[in-house]
Structure formats: structure tokens, C-alpha cells
Amino acid sequence: MQISADETMCPVCRNRLAFDRILHHMICAYVGPSSDFTETGNGYVCPKCRRSIASGDPACEEVGTSARCSACGQEMVVSPAAGSI
Ligand SMILES: [Zn+2]
Ligand SMILES: [Zn+2]
């Protein structure tokens, strides 16, 4: 399922959505929401390769945004705001 970036309500049950950044760890090619990564004092730990990722690490890029409804559990990808390519 995909929603637009200005959507804040679940399209299924109209409850509030929780947004999360989707991160790409280039060293091991893991792609997942930032909640999959273990937060440390100064960054993250990759859930796949267990390497630590410093904040602003060039080996880790943000590739998008996901949204999840805490009420019904529906997960969706947030498409970029209209106007951007
Ligand atoms: Zn990794
Ligand atoms: Zn919902």
C-alpha cells in the first residue's frame, strides 16, 4: 500500500499513523525502517551485519519514509510529496 506524504491518517481505519524513516546500510545492503536499527548513544547498530553506524555516516542513507498504523497494524510506503520527482 502507498500513501501520499501529506496523509496522516490510516486509509483503512482512519487512525493516526506513526512515521518512520527507511534506512539503507550500503555496506551490507540492508534496507529497513530506522526502528529495526538498534539506537546507541551516537548512532545505530545495523540489525543485519551488527556494525555500528555513526550519526551522519556516509555508509547509511535515508531512502524513504514508511508509515504504520498502531491501531490495525497496516504498513505502507509514503510516496514523496507532490512536485518532487
Ligand atoms: Zn549493515
Ligand atoms: Zn489502521
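In this predicted model, the zinc ion (ligand 2) picks up its protein donors from Cys 10 (SG), Cys 13 (SG), Cys 69 (SG) and Cys 72 (SG), which sit 2.2 to 2.4 Å from it; donors here are N, O and S atoms within 2.8 Å of the metal (3.2 Å for Na, K and Ca), and water is not among the atoms, so sites may look incomplete. The angles among the 4 donor atoms run from 102 to 121°, making the site tetrahedral (four donors, all angles between 85 and 135 degrees). Along the chain, the donors are spaced as C-x2-C-x55-C-x2-C. Cys 13 and Cys 72 tie together distant parts of the chain, 59 residues apart: Cys 13 is in the loop between β1 (2-4) and β2 (17-25), and Cys 72 in the loop between β7 (60-69) and β8 (75-79). Strands are DSSP runs of E, at least two residues, numbered from the N terminus. Cys 13 is partly exposed at 29% relative accessible area, and Cys 72 is likewise partly exposed at 38% (between 20% and 50%, 1.4 Å probe, protein chains only).

Turning to the sheet, β4-β5-β6 is the order of 3 strands in an open, antiparallel arrangement; two strands pair if DSSP finds at least two bridges between them. β4 (38-40) and β6 (52-54) are the edge strands, each pairing on one side only. From one strand to the next, the twist averages 30°, with axes as lines fitted to C-alpha atoms and angles running from 0 to 180 degrees between N-to-C directions. β5 (residues 43-45) pairs with β6 over 3 bridges, in the antiparallel sense, and Val 45 has Ser 52 of β6 as its bridge partner.

Residues are numbered from 1 along each chain as its sequence is written, with chains lettered from A and ligands numbered from 1 in the order in which they are written. Local features need pLDDT of at least 70 and side-chain atom pairs count only at pLDDT 80 or more, while totals for chains, interfaces and linings use all residues, and side-chain values use heavy atoms, leaving out hydrogens and water.

Conventions: Tetrahedral: all angles 85-135°; square planar, octahedral: opposite > 155°, others 65-115°. Helix = DSSP H or I, 4+ residues; strand = E, 2+ residues; numbered from the N terminus.
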